[in-house]
Amino acid sequence: MATSLRRPSFTSCSSPSNDTDDEGVRGTCEDASICKRFAVSIGYWHDPYIQHLVRLSKERKAPEINRGYFARVYGVDQLMKAFLRKTECNCQILNLGAGMDTTFWRLKDEDLLPSKYFEVDFPMIVTRKLHSIKLKPVLSKPILDLHSEDTLQIDGHMLDSKRYCIMGADLRDIPELEEKLKKCNMNTQLPTLLIAECVLVYMTPEQSANLLKWAANSFETAMFINYEQVNMDDRFGQIMIENLRRRQCDLAGVETCKSLESQKERLLSNGWETASAIDMMNLYSKLPRAEVSRIESLEFLDEMELLEQLMQHYCLCWATKGGGELGLKEITY
């Protein structure tokens, strides 16, 4: 293992395909990153890395937005760490549509890194993140310290090291995704956690079904975490859809977001053996009371109804396949 930051020799990887024209969807990555950065800046959760990837907005975010992001980050983290404990970190994580996510660095700090951590997103987003990683030692050093080889595979849309890989790919193009992951030594025999946060909803139901089927068929032991919209048939849901449309961002997969049942059924009908789902208001009610008291003291929320409305329209779903001997089916909220 490397013991000091060294300048590896870079070897060129295969050229990625041209970036797809998905400006609206890429814009949601920017919005989510800025919201997380703001919430971190006023103390909702600790993340020393996000400041190196995302600018701090001058515009103050509403308290219900900040609390919603806290519940999202806390909820995904709890399921992910349950998977890591069950597998004793002898696993891999595949973060689909990772954006400016900092999970790899935070897990390293907690000594909870899996055997390998993969991130996939649009090539344009990956290029931007790679630029920050290469420029900022606080991001590059943890990757290099874990990399025992003499060379790192890197180009404008991809970095592949021993424990961390980031690549540009279109999740709607399964053959391309699979080929790139194989080149980066994805191990289909290892228990694998796949994470998708507000990703599937931007695909057509057929495209997301293909991705879910591929994931279920590719790994003998796996878990899938999906965070996205739910209860989208009511008036509040329709307003959310209209607001996004005005920004040239269409929720192509919104029909699978009708209810918690439709969310679970999508997972079960595409090869997953178990499926669970919880709306974020219900999850918020299950958070440790000490944490809720802490975050609610950060900002005054004038109307609790706003928070309830918002969080009843997002959910956390998780599914498992195999892993009976590991107890994956026991993971719950």
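1. Contact here means heavy atoms within 4.5 Å. The structure is a predicted model. With that meaning of contact, the buried residues of helix α9 pack against α7, β8 (222-229), β9 (274-279) and β10 (314-321).

2. Which residues of α9 are buried? In this helix, which spans residues 260-268, they are Q263, R266 and L267. Because the arc they cover around the axis is only 95°, they sit on the same side of α9. At the start of the helix, a side-chain oxygen of S259 comes to within 3.3 Å of the backbone nitrogen of E261.

3. Helix α7 (residues 205-218) also pairs with helix α6 (residues 174-183). Their axes come within 11 Å and cross at roughly 35°, and the crossing is right-handed. On the α6 side, the residues that meet α7 are I174, L177, E178 and L181. On the α7 side, N210, L211, W214 and S218 meet α6. Sorted by class, this contact has 5 nonpolar, 2 polar and 1 charged residues.

4. L211, one of the α7 residues that meet α6, has a relative accessibility of 0%. Residues under 20% count as buried, so L211 is buried. Neighbours within four places in sequence aside, L211 is in contact with L96, L171, I174, L177, L200 and M203. Two of these, I174 and L177, are listed on the α6 side of the helix pair. As for distance to S132, the two residues are 79 apart in sequence, and their C-alpha atoms are 29 Å apart in space.

5. S208 lies in α7 as well. Is S208 buried or exposed? Its relative accessibility is 1%, so S208 counts as buried. The side chain of S208 reaches the backbone oxygen of P205 at 3.2 Å. With neighbours within four places in sequence left aside, S208 is in contact with L200, M203 and R266. R266 is one of the buried residues of α9, and α7 is among the elements that the buried residues of α9 pack against. L200 and M203 also appear among the contacts of L211.

6. E119 is placed in strand β3. With a relative accessible area of 1%, E119 is buried. What joins the side chains of E119 and Y164? A polar contact of 2.9 Å does so. Y164 is also one of the residues in contact with E119 once neighbours within four places in sequence are set aside; the others are N95, A98, D101, K129, C165, I166 and M167. E119 and D170 are 51 residues apart in sequence, and 12 Å separates their C-alpha atoms in space.

7. Two loop residues deserve a look at their backbone. E88 is found in the loop between α2 (63-87) and β2 (92-96). Its phi is near 55°, a positive value in a residue other than glycine. E88 is exposed, at a relative accessible area of 69%.

8. The other is D111, in the loop between α3 (103-109) and β3 (116-121). Phi of D111 is also positive, near 55°, and D111 is likewise a residue other than glycine. How exposed is D111? Its relative accessible area is 68%, and D111 counts as exposed.

Conventions: Residues numbered from 1 in each chain as written. Predicted model: local features only at pLDDT ≥ 70, side-chain atom pairs only at ≥ 80, totals over all residues. Heavy atoms only, no water. Helix = DSSP H or I, 4+ residues; strand = E, 2+ residues; numbered from the N terminus. Buried < 20%, exposed > 50% of the residue type's maximum accessible area, 1.4 Å probe, protein only. Axes fitted to C-alpha atoms, helices over the stretch in contact; angles between N-to-C directions. Left-handed = near helix turned anticlockwise from the far one by under 90°. Nonpolar A, V, L, I, M, F, W, Y, C, P; charged D, E, K, R; others polar. Arc of directions from axis to C-beta. Polar contact = N/O pair within 3.5 Å; in protein donor to acceptor, adjacent residues only side chain to side chain.
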